[in-house]
Amino acid sequence: MVRRKLGLYLMGAAALCMIAGCSANEEQRNCETLGAGIGALAGAGIATAVILTTKNHGSHEGTYFAWGIPAGLAGGGLIGGVVGHYLC
């Protein structure tokens with residue numbers, strides 16, 4: 001019981017440190033946000049284009065859209081955020 005509470009307190013302290021560290025440089029945060037937004041849009045667009053141009057969808061076409069576009073969105077956002085972090 002004590003270990004569980006200690007773990008929760010440590011997780012809270014780690015989250016607070018992460019928030020404080022991220023808020024230290026507003027210019028870099030803006031670059032990361034812009035990069036993540038552009039990357040997410042590009043990733044979702046590329047995923048949509050790949051899904052639409054792939055032949056022989058058959059009955060699984062809805063499934064491709066259901067996982068392909070969110071995966072492209074998340075992957076593009078992560079890559080764009082990293083690129084934005086290192087470009088500024």
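Reader: Where is L87 found?

Author: L87 is found in helix α3. Keep in mind that this is a predicted model.

Reader: Why is L87 called exposed?

Author: Its relative accessible area is 69%. Exposed means over 50%, so L87 earns the word with its 69%.

Reader: What makes the nonpolar surface patch?

Author: That patch is made by I79, V83 and L87, and covers about 330 Å². Patch residues need over 30% relative accessible area, and L87 has 69%, so L87 passes that part of the test.

Reader: How much surface does the protein chain expose, and what share do carbon and sulfur atoms supply?

Author: The chain exposes about 6800 Å². Carbon and sulfur atoms supply 72% of that.

Reader: How do you know that C31 and C88 form a disulfide?

Author: Look at the sulfur atoms: they sit 1.8 Å apart. The cut-off is within 2.5 Å, so the pair of C31 and C88 counts as a disulfide. By this rule the count comes to one disulfide.

Reader: Which parts of the chain does the pair link?

Author: Distant ones. C31 lies in helix α2, residues 26-53, while C88 belongs to the segment after α3, which spans 61-87. The two cysteines are 57 residues apart.

Reader: Why is this disulfide called left-handed?

Author: It comes down to the torsion about the S-S bond of C31 and C88. That torsion is about -80°, so the disulfide is left-handed.

Reader: Is C31 buried or exposed?

Author: Buried. C31 has a relative accessible area of 17%, and buried means under 20%, so the label fits C31.

Reader: And what makes C88 partly exposed?

Author: C88 has 48% relative accessibility. Partly exposed runs between the 20% and 50% cut-offs, so 48% puts C88 in that class.

Reader: How many of the residues count as buried, as a percentage?

Author: Of the 88 residues in the chain, 19% do.

Reader: What does the secondary structure of the protein chain come to?

Author: Three helices and zero strands. From the N terminus on, the order reads α-α-α.

Reader: Where is confidence lowest, and where is it highest?

Author: Helix α1, residues 2-22, has the lowest confidence, with a mean pLDDT of 65. Helix α2 has the highest, at 89. Across the chain the average pLDDT is 80, and 70% of the residues score at least 70.

Reader: What share of the contacts join residues at least 24 apart?

Author: Among contacts between residues at least 6 apart in sequence, 68% do.

Definitions and conventions: Residues numbered from 1 in each chain as written. Predicted model: local features only at pLDDT ≥ 70, side-chain atom pairs only at ≥ 80, totals over all residues. Heavy atoms only, no water. Helix = DSSP H or I, 4+ residues; strand = E, 2+ residues; numbered from the N terminus. Buried < 20%, exposed > 50% of the residue type's maximum accessible area, 1.4 Å probe, protein only. pLDDT = per-residue confidence, 0-100. Contact = heavy atoms within 4.5 Å. Areas by Shrake-Rupley, 256 points an atom, 1.4 Å probe, with all protein chains shown as cover. Patch = residues over 30% accessible without salt bridge, like charges linked within 9 Å, V, L, I, M, F, W, Y side chains within 5 Å. Salt bridge = Lys/Arg side-chain N within 4 Å of Asp/Glu carboxyl O.
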